[in-house]
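Q: I'm new to this one and would like to go through it slowly. Could you show it to me before we start?

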Amino acid sequence: MHENVLVPMPLPIHIIFCVIGMLYCGFRYYQKNYPYFLLLTIAIPSTLLIYISQEKWFFIALAIEEVALGLLIIINLISVSKKTALAEADANTPSSPSEAIENPSENEDNSQK
């Protein structure tokens with residue numbers, strides 16, 4: 001392994017941060033089952049690949065990989081947040097007109113928000 005000037009921390013600290021981040025994102029993926037946590041679980045430790053080689057083509061390949069994973073994470077995060085917002089909106093909407101008549105005070109509170 002080579003010493004790298006692109007990462008402003010010693011290798012052991014970088015490894016510790018990667019392990020903590022990977023464990024956290026893996027645990028959150030297990031809890032929530034959101035795909036972006038799985039992508040983060042892959043992206044975080046892949047930053048350690050920077051120590052493997054000093055070749056320019058390798059840095060370019062790593063940059064492409066990190067940008068691609070970053071874009072996938074952002075796209076997935078937006079998608080999941082929209083689905084979650086729609087699910088919450090559907091949960092707050094009465095399913096039948098009789099529910100709206102039976103609970104008018106709840107519906108007025110929801111419409112004022």
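**Talking through the chain**

A: Here it is, and please keep in mind that this is a predicted model. Of the 113 residues in the chain, 19% count as buried.

Q: What helices and strands does the chain have?
A: The chain has five helices and zero strands, and reading along the sequence gives the pattern α-α-α-α-α.

Q: And how much area does the chain expose?
A: The chain exposes about 8400 Å², and carbon and sulfur atoms supply 68% of that area.

Q: What share of the contacts join residues at least 24 apart?
A: Taking contacts in the chain between residues at least 6 apart in sequence, 55% of them join residues at least 24 apart.

Q: Let's pick one helix, say H2. What is its reach from first C-alpha to last?
A: Helix H2 covers residues 35-46, which makes 12 residues, and it reaches 17 Å from its first C-alpha to its last, close to the 16 Å expected at 1.5 Å a residue.

Q: Which residues in H2 are buried, and what covers them?
A: The buried residues in H2 are Tyr36, Phe37, Leu39, Thr41, Ala43 and Ser46, and what covers the buried residues of H2 includes helix H1 (11-32) and helix H3 (56-92).

Q: Since H3 came up, what about asparagine 76: buried or exposed?
A: Asparagine 76, which is found in helix H3, has a relative accessible area of 19%, and because the cut-off for buried is under 20%, asparagine 76 counts as buried.

Q: Which residues is it in contact with?
A: Leaving aside neighbours within four places in sequence, asparagine 76 is in contact with Pro35 and Tyr36.

Q: Changing topic, how many aromatic pairs does the structure hold?
A: The structure holds three aromatic pairs. One of them joins tyrosine 34 and tyrosine 36, whose ring centres are 5.7 Å apart and whose planes are at 25 degrees, so this pair is stacked.

Q: What about the rings of tyrosine 36 and phenylalanine 37?
A: The centres of those two rings, tyrosine 36 and phenylalanine 37, are 4.6 Å apart with the planes at 35 degrees, so that pair is tilted. Taken together, Tyr34, Tyr36 and Phe37 form one aromatic cluster.

Q: Where do those tyrosines stand, buried or exposed?
A: Tyrosine 34 is partly exposed, with a relative accessible area of 24%, whereas tyrosine 36 is buried at 12%. Phenylalanine 37 is buried as well.

Q: Now the surface: which residues form a nonpolar patch there?
A: Ile15, Val19 and Leu23 form a nonpolar patch on the surface, and their accessible area together is about 250 Å². An α-helix has 3.6 residues a turn, so residues three or four places apart point the same way.

Q: Why does isoleucine 15 count as partly exposed?
A: Isoleucine 15, which lies in helix H1, has a relative accessibility of 37%, and because partly exposed runs between the 20% and 50% cut-offs, isoleucine 15 counts as partly exposed.

Q: One last residue, leucine 6. Where is it found, and which residues is it in contact with?
A: Leucine 6 is found in the segment before H1, and, leaving aside neighbours within four places in sequence, leucine 6 is in contact with Ile50 and Phe59. The C-alpha atoms of leucine 6 and isoleucine 50 are separated by 8.3 Å, although these residues are 44 residues apart along the chain. Leucine 6 is also exposed, with a relative accessible area of 52%.

Conventions. Residues numbered from 1 in each chain as written. Predicted model: local features only at pLDDT ≥ 70, side-chain atom pairs only at ≥ 80, totals over all residues. Heavy atoms only, no water. Helix = DSSP H or I, 4+ residues; strand = E, 2+ residues; numbered from the N terminus. Expected span 1.5 Å × (residues − 1). Buried < 20%, exposed > 50% of the residue type's maximum accessible area, 1.4 Å probe, protein only. Contact = heavy atoms within 4.5 Å. Patch = residues over 30% accessible without salt bridge, like charges linked within 9 Å, V, L, I, M, F, W, Y side chains within 5 Å. Areas by Shrake-Rupley, 256 points an atom, 1.4 Å probe, with all protein chains shown as cover. Salt bridge = Lys/Arg side-chain N within 4 Å of Asp/Glu carboxyl O. Phe/Tyr/Trp six-rings, centres within 6.5 Å; stacked < 30°, edge-to-face > 60°.
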